[in-house]
Structure formats: C-alpha cells, structure tokens
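Biologist: Could you walk me through this model, and show me how each label is earned?
Modeller: Gladly, let us put it on screen.

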Amino acid sequence: MQTGNFRRVSYSTKEGIEIWHLLTCKKQEEQKILTICRKNLSSEALSGIFILTYDRMRKYEGVWHLERQILFPGSVFLENGNEKLLCKELGQCSGIDGQENRLIRLGEAEENFLKGLCGEEHHLEMSRGVIRKGVPKITEGPLRGRESMICRIDRHKRLAKVRLDWQDRMEELCFISAGLEITEKMY
C-alpha cells in the first residue's frame, strides 16, 4: 500500500491488538518525526510512540561519562491497534509524507525481544561482565543470558555489537550496539 511517498511494509495483520511498527526516517530527524506524529495523529491511530535508546560510556576530559544514544538511528517506534487507520493518517501527515519513509510491522517475537531487552522505559541499560578464556559472561544487565548474541566486544569503547536474528528485515536492523563494561579478563 502506498499513500503519497509513504510506503507500508507489513508482514501480517492483527487489527485491534496493540502492536509495534517501526517508522523509518532520516537519521537525526527522529525527534522531529516523534513530535510531528504526536501532534498530528489521533489517539485511535496511535496509542504510543517512542524511540529506543541505550546507555554507553564515553571518555572525554579524562573522565568516563554515561551517555544515552539512539538504539536504531533513523527509526521511530509506533504502537497502535488499527494499522489501516495509522497508515491513512501517516499518509496525510505533513512533514512525513515528503520523505521516503517505510512503516514496518514488527513480528510478535521481535516485539517481545525488544520489550525484554529495553523494558517499559524503552531503554537498554549498561551491562557488566567478565571474559573467561575468551568467552564473555555477562553478570548483570539486559545482556545477561544473551551472550550468544554478542558478536564483537570493544573493551576500549565499552560497547558490544549484538546480532539480532531478523533475517527477513533490513540489514541495518540486524545489529545493535549495547553498552557493556568488562570488569575482568581471565585466561
């Protein structure tokens, strides 16, 4: 379905049940799109809108600082129960229709995974762990129990690259960065 320049990518329909959609936009325009949607979309079309974020550590001026970053740059998450109405109102929404946006309906497994990772606050907190004989063991935080999904750890930047098992999605949705502090490395 196309309305103006707005494209919907849907994998199934469940009308009446609150489901998550991902609205792609230009990077660094996430807050602008969030504001436009909150202002122009009805409560029947949109029950929630948010941006998923994560914690990361950055060192500057000789001190480590905890910063909040966008987990999926160029993406805004919409929660609704009426996909057709949402698509219709998004297509009529000025400020969004001129861009090449896509509305992607997340599957139940993907939605549950992100809810489990980011919680009610839609925020992925820092994790902490150790490396034993080359294998990461997360001791606290949302990555605990999800060590097999970690494909790269940058101890200097205190970040982990996590692979999501979303084969049928866009390539940019297959990996996320997550804050990970390794407190000890044992051989």
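Here we go through the labels on this model one at a time.

Biologist: What kind of model is this, and how many helices and strands are in the protein chain?
Modeller: The model is predicted. The protein chain holds 3 helices and 14 strands. Of its 187 residues, 47% count as buried.

Biologist: What makes Glu111 buried, and Lys115 partly exposed?
Modeller: Buried means under 20% relative accessible area. Glu111 has 7%, so Glu111 is buried. Lys115 has 34%, which falls between 20% and 50%, so Lys115 is partly exposed.

Biologist: How do you know that Glu111 and Lys115 form a salt bridge?
Modeller: The rule asks for a side-chain nitrogen of Lys or Arg within 4 Å of a carboxyl oxygen of Asp or Glu. For Glu111 and Lys115 the closest N and O atoms are 2.9 Å apart, so the pair qualifies. Both residues lie in helix α3, 4 residues apart, about one turn of the helix.

Biologist: Why are the buried residues of α3 said to line one face of the helix?
Modeller: The buried residues in α3, residues 108-118, are Glu110, Glu111, Phe113, Leu114, Leu117 and Cys118. Looking down the axis of α3, these buried residues fall within an arc of 160°, so they line one face. Glu108 and Ala109 are exposed on the other side of α3.

Biologist: Which strands do the buried residues of α3 pack against?
Modeller: They pack against β3 (19-24), β7 (75-80), β9 (123-124) and β14 (175-186). Gly119 follows α3, and its phi is positive, near 70°.

Biologist: Why is the pair of Glu29 and Lys32 called a salt bridge?
Modeller: Their closest N and O atoms are 3.9 Å apart, and the cut-off is 4 Å, so the pair counts. Lys32 is partly exposed, because its relative accessibility is 43%. By this rule the count comes to 5 salt bridges.

Biologist: What makes Glu181 and Arg128 a salt bridge, and where do the two residues lie?
Modeller: The closest N and O atoms of Glu181 and Arg128 are 3.4 Å apart, which is within 4 Å, so this is a salt bridge. The pair links distant parts of the chain, with Glu181 in strand β14 and Arg128 in strand β10, 53 residues apart. Glu181 is buried, since 19% is under the 20% limit. Arg128 counts as partly exposed at 28%. Salt bridges link Arg128, Arg158 and Glu181 in a network.

Biologist: How do you know that Arg158 is buried, and what is its phi?
Modeller: Arg158 has 17% relative accessibility, under the 20% cut-off, so Arg158 counts as buried. Its phi is near 60°, a positive value in a residue other than glycine. Most residues other than glycine have a negative phi. Arg158 is found in the loop between β12 (150-154) and β13 (159-163).

Biologist: Why is the charged end of Arg158 said to sit over the ring of Trp64?
Modeller: The distance to the ring centre is 3.8 Å, and the rule asks for CZ of Arg within 6 Å of the centre and within 35 degrees of the ring normal.

Biologist: What makes Lys133 exposed?
Modeller: Exposed means over 50%, and Lys133 has 71% relative accessibility, so Lys133 counts as exposed. Lys133 also has a positive phi, about 50°, although it is not a glycine. Its place is in the loop between β10 (127-132) and β11 (135-140).

Biologist: Why is one aromatic pair called edge-to-face and another stacked?
Modeller: The search finds 4 aromatic pairs. Trp20 and Phe50 are 4.9 Å apart centre to centre with 65° between the planes; over 60 degrees counts as edge-to-face, so that is the label. The pair links strand β3, which holds Trp20, with strand β4, which holds Phe50, 30 residues apart. Phe50 and Phe77 are 5.7 Å apart with 0° between the planes; under 30 degrees counts as stacked, so this pair is stacked. Phe50 lies in β4 and Phe77 in β7, so the pair ties together parts 27 residues apart in sequence.

Biologist: Are Trp20 and Phe77 buried or exposed?
Modeller: Trp20 has 2% relative accessibility and counts as buried. Phe77 has 1% and counts as buried too. Ring pairs link Trp20, Phe50, Phe72 and Phe77 into a cluster.

Notes:
Residues are numbered from 1 along each chain as its sequence is written. This is a predicted model: local features need pLDDT of at least 70, side-chain atom pairs count only at pLDDT 80 or more; totals for chains, interfaces and linings use all residues. Side-chain values use heavy atoms; hydrogens and water are left out. Buried means under 20% relative accessible area, exposed over 50%, partly exposed in between (1.4 Å probe, protein chains only). The arc is that of the directions from the helix axis to the C-beta atoms. Contact means heavy atoms within 4.5 Å. Rings of Phe, Tyr and Trp (its six-membered ring) pair if their centres lie within 6.5 Å; planes under 30 degrees apart count as stacked, over 60 as edge-to-face and the rest as tilted.
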